[in-house]
Amino acid sequence: MKEQTQILNYIPVDKLTGSISVPIYQTSTFVQDAPGVHKGFDYARSNNPTRKVLEDLAAKLENGTNGYAFSSGLAAIDAVVKLLSAGDEIIAVDDIYGGAFRLFTHIYEKFGIQVTYVDATDAKNVANAISDRTALIWIESPTNPTLKISDLRAIGKIAKENNILFCVDNTFASPIAQKPIDFGADLIVHSATKYISGHSDLIAGLVITATEELGARIKFIQNASGAILGPFDSWLVIRGIETLNLRIKQHAENAQKIAEFLTTEKLIRNVYYPGLKTHLNHEIAKSQQKYFGGVVTFDLVIDDKELASRIVSGTKLFQLAESLGGVKSLCCLPCEMTHKSIPAEKRYQSGVTDSLIRLSVGLEDADDLIADLKQALQNAIKENATVEFHKN
């Protein structure tokens, strides 16, 4: 079967009633036949039938053995880090999601977990950073927000040879575009808030494991820490997955057109999108992604925060907001929004300049979105007559 057919076939018809839609089991506890004798569910923190459908579905989408749903993407990341012990080291991609950076640096470093950041666009940098303390390699591909691509096959091989856990944050690609377990990942995390749910109406996270043993460990952490996803939000994520394949295809098609348009604009210095042949690791992206995703970022010929702010405030279809992956297009200025918690020096080292703008390309008509960007850029030029348009 084709993937879209498989996705719909994975979602079960309710055996009790025949409901075509997964029921929402809005309950905290379950009646038992005798002490310890029940129908697989005893307390909703440990298990919930609606959440279980989502978790099984997530595992199938990513070719994993087990899936677990959390109350946010950060809660999912937190569960993976809890596999480690004091004294362990994480090797992490340098262009890292701001929330992950905050969690690693301000929470876990004080518990004795060291984090080393490397440019993972070259797998040799990952290999060279490994020490006898390294317990986890943490990769985002594409990264947030400069859309760097890592060679997952090469890094997976490095991790296996050194007996190190390999986790991929697959949020930007989605399981439709990329399946990291196929390339050697042990764990996958998603902010299901983004493309998987797809409608900007909930907060959720997922962890998928490549083995039953890792699944049991994540399950223990999920139950012990308690950051589970509620049944109604689980149902919403399931509903979003029903159209995930169709949405990702259209997001990517729109994003490609917008990226190509942006390369022609004189106010723009760099356009970051894996689907462009000029992208550093375009060929690697082609080899491991079915689609290039729905996020496009760019910066300006003059690195001016105020100028970039006027652009993102001047769009009409691209709404100025954090997050991404929804059906409606969004734009943001990472230095003042998603990546404000990262020190400026570190931001610049990973390419997140003051003028970097991130677009989450939605499902509106691409021509309308291009027209919206064009008018915002033109108005910014009119207001900044002193800007010199010279690309390096």
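What share of the 392 residues of the protein count as buried? The figure is 56%, and it belongs to a predicted model, so please read everything below in that light.

**Overall build**

Let's start with the whole chain. The secondary structure of the protein comes to 14 helices and 12 strands. Its radius of gyration is 21 Å, close to the 21 Å that the globule rule gives for 392 residues, so the protein is as compact as a globular protein of that length. Taken along the principal axes, the C-alpha atoms of the protein fill a box of roughly 80 × 50 × 35 Å. Contacts add another view: among those in the protein with a separation of 6 or more, 72% are accounted for by residues 24 or more positions apart.

**A five-stranded sheet**

Next comes a sheet to trace in the viewer. Five strands form an open sheet with mixed pairing, in the order S8-S9-S12-S11-S10. Strand S8 (268-272) and strand S10 (319-320) stand at the edges; each has a single partner strand, so one side of each is left without a neighbour in the sheet. For S10, the pairing with strand S11 (residues 330-332) runs in the parallel sense, over two bridges. At the level of residues, Leu320 has Cys331 in S11 as its bridge partner.

**Two pockets**

Now for the open spaces. Rolling a probe the size of a water molecule over the atoms shows where empty space is left. The table sets out the volumes of two pockets.

| Pocket | Volume |
|---|---|
| Largest pocket | about 590 Å³ |
| Second largest pocket | about 450 Å³ |

Which residues lie closest to the centre of the largest pocket? Of the 21 that line the largest pocket, they are Asp14, Tyr25, Phe41, Pro49 and Val53. Helix H2 (residues 49-61) gives the largest share of this lining, with seven residues. By class, the lining of the largest pocket has 13 nonpolar, two polar and six charged residues.

The second largest pocket is lined by 26 residues, and Leu74, Tyr97, Asn144, Ser191 and Lys194 lie nearest its centre. Helix H3 (73-81), helix H4 (98-108) and strand S6 (187-191) are the elements that give two or more residues to the lining of the second largest pocket. How does that lining divide by class, and how many residues are polar? The lining of the second largest pocket has nine nonpolar, 11 polar and six charged residues.

Note on methods: Residues are numbered from 1 along each chain as its sequence is written. This is a predicted model: local features need pLDDT of at least 70, side-chain atom pairs count only at pLDDT 80 or more; totals for chains, interfaces and linings use all residues. Side-chain values use heavy atoms; hydrogens and water are left out. Two strands pair if DSSP finds at least two bridges between them. Helices (H or I, at least four residues) and strands (E, at least two) are DSSP runs, numbered from the N terminus. On a 1 Å grid over the protein atoms alone, a cavity is a set of points where a 1.4 Å probe fits but cannot get out, and a pocket is an open set with protein on both sides within 12 Å along at least five of seven lines; lining residues have an atom within 4 Å of a point. Grid points are joined across faces, edges and corners, and a volume is the space filled by probe spheres set on the points. Ala, Val, Leu, Ile, Met, Phe, Trp, Tyr, Cys and Pro count as nonpolar, Asp, Glu, Lys and Arg as charged, and the others, Gly among them, as polar. The radius of gyration is taken over C-alpha atoms; the globule rule is 2.2 Å times the number of residues to the power 0.38. Buried means under 20% relative accessible area, exposed over 50%, partly exposed in between (1.4 Å probe, protein chains only). Contact means heavy atoms within 4.5 Å.
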